[in-house]
Structures are given as structure tokens and as C-alpha cells.
There are 2 protein chains.
Amino acid sequence: MADLQGDEMRLFLTDEQLRQGIEAMFFAYRGFTADPDMILASKAYGRAHHRAIHFVARSPGTTVNNLLAMLGVTKQSLNRVLRTLLQDGLIESRVGPSDKRERHLYLTESGNALERELSDAQRARMRAAYRSAGPEAVAGFRQVLEAMMDPELRRRYHTLRETTT
Amino acid sequence: MADLQGDEMRLFLTDEQLRQGIEAMFFAYRGFTADPDMILASKAYGRAHHRAIHFVARSPGTTVNNLLAMLGVTKQSLNRVLRTLLQDGLIESRVGPSDKRERHLYLTESGNALERELSDAQRARMRAAYRSAGPEAVAGFRQVLEAMMDPELRRRYHTLRETTT
DNA sequence: CATTTTAAGTCAGCTTTGTTGACACTCCAA
DNA sequence: TTGGAGTGTCAACAAAGCTGACTTAAAATG
């Protein structure tokens, strides 16, 4: 990467190449969310609920503050979503064992069921894309995505990976 | 892609790998939109305006119907955005030369100025990501994104590339 | 030529998901 | 014991999506 030829640089860093990358991100993200969105619509939930459920599933016992930082929304916005999930019995909130101000969040059995349904759909598309592109393409895909993240989110992304891989 | 070993398959198609890909998409998309969003916020426009501007810049003279298909929103939703851009003199609408029902959309000079400002910011991040990941990673990135798209959008994505590359 | 279909625009009303700002309560730590 | 952090909640608002109904003009079709 450090010792590219001038021509090679130009080939993949032209404005046109970058524009295509931008459009690819836009169209791909639509596909990325399409399947879960379908499921959610039939259940009176939205993408915001999915995101909360995803990260609680990913880090059981996570606190509200941690979730806020992950999702990058305001406390009020998350709270509205979280409240419906608590009321509907998909998420359980336990008072922090050491710090009693904190609420630790867990999926209930039915929360887990919905999570599985959503993530099965999303992973199915991902799996098909990965399979058709092949392992080397996937490695590149991951590299570029990581480089696009804000440093703070990249840090969080790595932290997530460490705790579960 | 056709002749992978079983082990290799398992290595990059595990649920955990797919989950990481999903999270990478989520965090990267935040970065992807962060810079234009900052600029837009200071100008009382939103992401929806950016998207309209982008595709009009990309395909000057495009019709409203074509834009609708690209963006995947309703006519009413697009219209609200388009109206403010017309009123503010960023987009120009000309009656179709052959079919007078159609409106062909063009950026005005100031529309082009905003487009450049937004896409410079977005491309800068993209360029940095591409450069740090290298040309092979970029190729893989594009392959996976393309495979994630819905077929109809993939078709449109290719059409876009043909007309401008 | 009459009818139907298409492209575009508009009005009204609703939903989701984000935002500020203000405030209360609990609890940890200095 | 006081200041600040973590959480929850109220109110009000904005962006951007949606549905449904309707108009106008022009093209396409019979």
C-alpha cells in the first residue's frame, strides 16, 4: 500500500472510482436493511428496535450508556425504543450489581426469538454475498469498511469483536 | 469461489464472521454519512436532499420517475425535497423535449457548488479508506457490496456506471 | 377521435426516529 | 455531604418516510 505506482494509484483513487464506491455503499445498505425491515414492519417495530436488540444480544448485560454510545443517538430517542421493548417483554433490565444506578440489559426468551429471526434474515443475505464474492474479497470488504469508520466507533467495533470472537 | 475447501468455507462464513460484517456495515455507514451530514446541517438540508442532488449530478437531465426508482421513496416524499431545491434554485426542472409530461432535472450553478462541497467531503473519507486498504481490498469491497444489492438496484447501479465511466 | 394510461404535482394526515431542553431521582466518590 | 454521573421522563419539535385521494397535461391506444 505504501509503494504503489503512480498509475495504479490513479486507477483506483479517481473521483469516478470513489463515486462508484459511494453509490455501491448506498445501494448495498438498502439491501442490507431490506430483509429485517420486512420482518419488523409486520411486528410494529422499526430499525431502531432492531439495532437495540442487536447490540443487547451481542453484549448481554450492557448498560444504557454503553448502548447509547454504540447507537449514536440521544438518551431520549433510545429510551422510547427501549421502553416499548421492555413493556413488550423482549428486553429485561436489571439494576447493576455493583453500581446500582446502572441498568444492565438482557434479552428475554421472546427477545432472543425475535433477534434470531431478524439476524437469520440479515445473515442469509450476508452469507450469500460473502459466498459469491469469496474469502479474499470479504477480507478486502472488511478492511475498507473499517477504514471508513470514525476512530471512536472503530475502537468500539474492535472491543465488540474481542469480547465475542 | 466454486472450489473452496470445506474448512475455508467455514472460516469466513461462520455466524460470527457474518455478525462482524453486519456490525462493520453499520459503523462504516455512520462514517460514510457523517461528513456530508455536518455540512447539510449548517444549511438546513438533510440527507434526503443530498441523495437527490447526488443522482441529479450523476445523471443530468434525469426524470423524476427515474430518480424515484433510484432513491426508492414515494413520489410525495421526493417531491417535498425536490420542491425546496427548486425554490432555492439549486435544481432546475425543464419540460421534456420529446415527452412533455416529463420533467428533466439539472443542477444549477449553485446546485453544482453544493454538490461539489458535499461530494468532496464524502470522497475525501472514501479516498482515505481506499488508500489505507489498498487496491485489492477495494476490489473485494466493491464485489461484496454489489452482491448485497437487490437485483433491481444492482441493475441500476450498473446502468449508472455505464453512462459515466 | 375517444378513451385510457402515464408523468408529475399536490393536499391532508399519520408514523418513526431523530433532536433540545428541563427536571427528578439514585447513588458513587471525593 | 456535596458534586457529578447514570438513568428515566416530560414536552415540543423536525426530518423524512408512508398512504390515499385528486388534478392536470400529454401520450398511447383502441
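Here are two worked exercises on a protein–DNA model.

This is a predicted model, where local features need pLDDT of at least 70, side-chain atom pairs count only at pLDDT 80 or more, and totals for chains, interfaces and linings use all residues. Residues are numbered from 1 along each chain as its sequence is written, chains are lettered from A in the order in which they are written, and side-chain values use heavy atoms, with hydrogens and water left out.

**Exercise 1.** Find which residues come nearest to DNA strand D, and describe three polar links to the strand.

*Solution.*
- Step 1: Around strand D there are 25 residues (a heavy atom within 4 Å of it); those that come nearest are Lys75(A), Arg51(B), Thr74(B), Gln76(B) and Arg80(B).
- Step 2: Of the strand D atoms within 4 Å of the protein, 58% belong to sugar and phosphate.
- Step 3: Now look for polar contacts (N or O atoms within 3.5 Å). The side chain of Arg101(A) has an N or O atom 2.8 Å from a base nitrogen of strand D.
- Step 4: Phosphate oxygens of strand D lie 3.4 Å from a polar backbone atom of Arg103(A) and 2.9 Å from a backbone N or O atom of Arg47(B).

**Exercise 2.** Describe how chain A meets chain B.

*Solution.*
- Step 1: Count contacts (heavy atoms within 4.5 Å): 65 residues of chain A touch 65 residues of chain B.
- Step 2: Count salt bridges (Lys or Arg side-chain nitrogen within 4 Å of an Asp or Glu carboxyl oxygen): there are 12 between the chains.
- Step 3: Pick an example: Glu23(B) and Arg58(A) form a salt bridge with an N to O distance of 2.9 Å.

Conventions:
A polar contact is a pair of N or O atoms within 3.5 Å; within protein, one must be able to donate a hydrogen and the other to accept it, and residues adjacent in sequence count only if both atoms are side-chain atoms.
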